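Visitor: I would like to go through this structure step by step, with the reasoning behind each answer spelled out. Could you take my questions in turn?

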Amino acid sequence: MIVLGLESTAHTFGASIMDNNKIISSENAMFTTEEGGMIPKLIIEHHLENFDKVIRTALKNAGKSMKDVELVSFSQSPGIGSVLQLGAVIARSLALKNKIPIIGVNHCVAHLEIARLLTGFEDPVMLYVSGANTQIIAFQEGKYRVFGETLDMGAGNFIDHFGRLIGLGFPAGKKIEESALKGKNFVELPYNVKGMDVNFGGLYTNLKQKIESKQYNINDLCYSVQETVFAELVEISERALAHCSKKELVVAGGVGCNKRLQEMCRIMCKERGAKFKPLPAEYAADNAAMIAWTGLLKYDSSGADKMEDTIINQRTRTEEVEVAWR
Ligand code: ATP
Ligand code: FE2
């Protein structure tokens, strides 16, 4: 079955063509800015300018036209309301015009499903660490359950906020990763793990003070931020593996592109006899293949959505999603 997946929850507008479980093409246009963060109005302008080109390129690179598409899948929840709405309207228009079934999927679950597809892991624990989200998730009794999460901002948002303090623009994760490689001295920072949860607000305030004091080398701070935050994430991942008696770990979400985080996960898994596989960067971060794939899984198990059921939801949580395909 040929599926067109559309991603539109936040900074990225993406389109992907999948032929059953094969990714044939995956195209993205990502909103970036030198100053400030994600301003919904600017993201909408960006997506409006780019959606047509992105969809056409995805079709062209797959050697397909809209006539070949048999299912349209779109990101229905969660995300920025207006951005979700735009994606839903585009998906509905394409489905109606071309008389093809439509299906809405949860963006967070889609990160997890593409991770399962690409690693070949059956039943992994998933560290989902993106801009807005930081959760440790495993499948139990018919649902993806959240075993631990951030109590304030997502690790990626924290990283981007820290990036703004040091003038890096948005997104900052990759640039901080590069600076961290030049850091030589570890600076002790607040380490906030509470049970299975983490939080970053205190760390942010502490860093703000350190930066204002001008007493610290920026590369050292980048290095120390990564070591501290990633140690927290690896600690809760390890505890989740033990608690759920699972043997595989994947890291999904944009922060999962970070090589140091991947290395720390690999070391932890090796030490406890579990398996770890990193995802290619383009499928760890927001992408539309994950939407196409999850749409196909949902379609195969439950059929298409009715048009009136394609209303977006900004806040659906991972554990609310019906996972009929597992
Ligand atoms: P979600 O809607 O799932 O929360 P998102 O919209 O925030 O996702 P993602 O693409 O999954 O989008 O993640 C983006 C985040 O990943 C940004 O905060 C960015 O700084 C961070 N990031 C990207 N690359 C790296 C990296 N190499 N190291 C650390 N963080 C990174
Ligand atoms: Fe995402």
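Visitor: Which residue in β5 does Ser73 stand opposite?

Guide: The model is a predicted one, and what follows should be read with that in mind. β4 and β5 pair in the parallel sense over five bridges, and within that pairing the residue of β5 that stands opposite Ser73 is Ile103.

Visitor: Which helix joins β4 and β5 into a β-α-β unit, and is the unit right-handed or left-handed?

Guide: The two strands are parallel neighbours, paired over five bridges. The helix that completes the unit with them covers residues 81-98, and the unit is right-handed, so described with helix α2.

Visitor: Is β5 largely enclosed or largely open, and how many of its residues are buried?

Guide: In a regular strand the side chains alternate between the two faces of the sheet. In β5, Ile102, Gly104 and Asn106 point one way while Ile103 and Val105 point the other way, and all are buried. The strand is therefore largely enclosed by the rest of the structure, the buried count being five of five.

Visitor: Which elements give two or more residues to the lining of the second largest pocket?

Guide: The second largest pocket holds about 280 Å³ of space, and it is lined by 18 residues, with Gln76, Gly104, Asn106, Lys298 and Val321 lying nearest its centre. The elements that give two or more residues to this lining are β4 (71-77), β5 (102-106) and α10 (289-302).

Visitor: How do the residues of that lining divide into nonpolar, polar and charged?

Guide: The lining of the second largest pocket has 18 residues, and Lys298 is among those nearest its centre. Lys counts as charged and Gly as polar, and over the lining the division is seven nonpolar, eight polar and three charged.

Visitor: Which residues are the protein donors of the iron ion (ligand 2)?

Guide: In sequence the donor residues are spaced H-x3-H-x174-D. The pair His111 and Asp286 links distant parts of the chain, with His111 in helix α3 (residues 107-119) and Asp286 in the loop between α9 (281-284) and α10, 175 residues apart, and both of these residues are buried. The donors lie 1.9 to 2.2 Å from the iron ion, and they are His107 (NE2), His111 (NE2) and Asp286 (OD).

Visitor: What separates the C-alpha atoms of Glu113 and Ala252?

Guide: Glu113 lies in helix α3, and at 1% relative accessibility it counts as buried, the cut-off being under 20%. Ala252 belongs to β11, where it is buried on one side together with Glu248 and Val250. The two residues are 139 apart along the chain, and the separation of their C-alpha atoms is 9.5 Å.

Visitor: What is the order of the strands in the open sheet of five strands?

Guide: Four bridges join strand β6 (residues 125-129) to β11 in parallel, with Leu249 as the partner of Val125. On the other pairing of β11, two bridges join it to strand β12 (residues 275-276), also parallel, with Lys275 as the partner of Glu248. The edge strands are β8 (143-149) and β12, each pairing on one side only. The sheet has mixed pairing, and its order is β8-β7-β6-β11-β12.

Visitor: Which peptide bond is cis?

Guide: Most residues other than glycine have a negative phi, and most peptide bonds are trans. Pro171 is placed in the loop between α4 (155-165) and α5 (173-182). With omega near -10°, the cis bond is the one from Phe170 to Pro171.

Visitor: What is the phi of Lys99, and is this residue buried or exposed?

Guide: Lys99 is found in the loop between α2 and β5, and its phi is positive although it is not a glycine. Its relative accessible area is 74%, which is over 50%, and so Lys99 is exposed. The phi itself is about 55°.

Visitor: What is the phi of Glu141?

Guide: Glu141 lies in the loop between β7 (134-140) and β8, and at 77% relative accessibility it counts as exposed. The residue is not a glycine, yet its phi is positive, with a value near 50°.

Technical notes:
Residues numbered from 1 in each chain as written. Chains lettered and ligands numbered in written order. Predicted model: local features only at pLDDT ≥ 70, side-chain atom pairs only at ≥ 80, totals over all residues. Heavy atoms only, no water. 1 Å grid on protein atoms, 1.4 Å probe; cavity = no way out; pocket = protein on both sides within 12 Å on 5 of 7 lines; lining within 4 Å. Points joined across faces, edges and corners; volume = space filled by probe spheres on them. Buried < 20%, exposed > 50% of the residue type's maximum accessible area, 1.4 Å probe, protein only. Pairing = 2+ DSSP bridges. Right-handed = clockwise from strand over helix to strand, strands pointing away. Donors = N, O, S within 2.8 Å, 3.2 Å for Na, K, Ca; no water.
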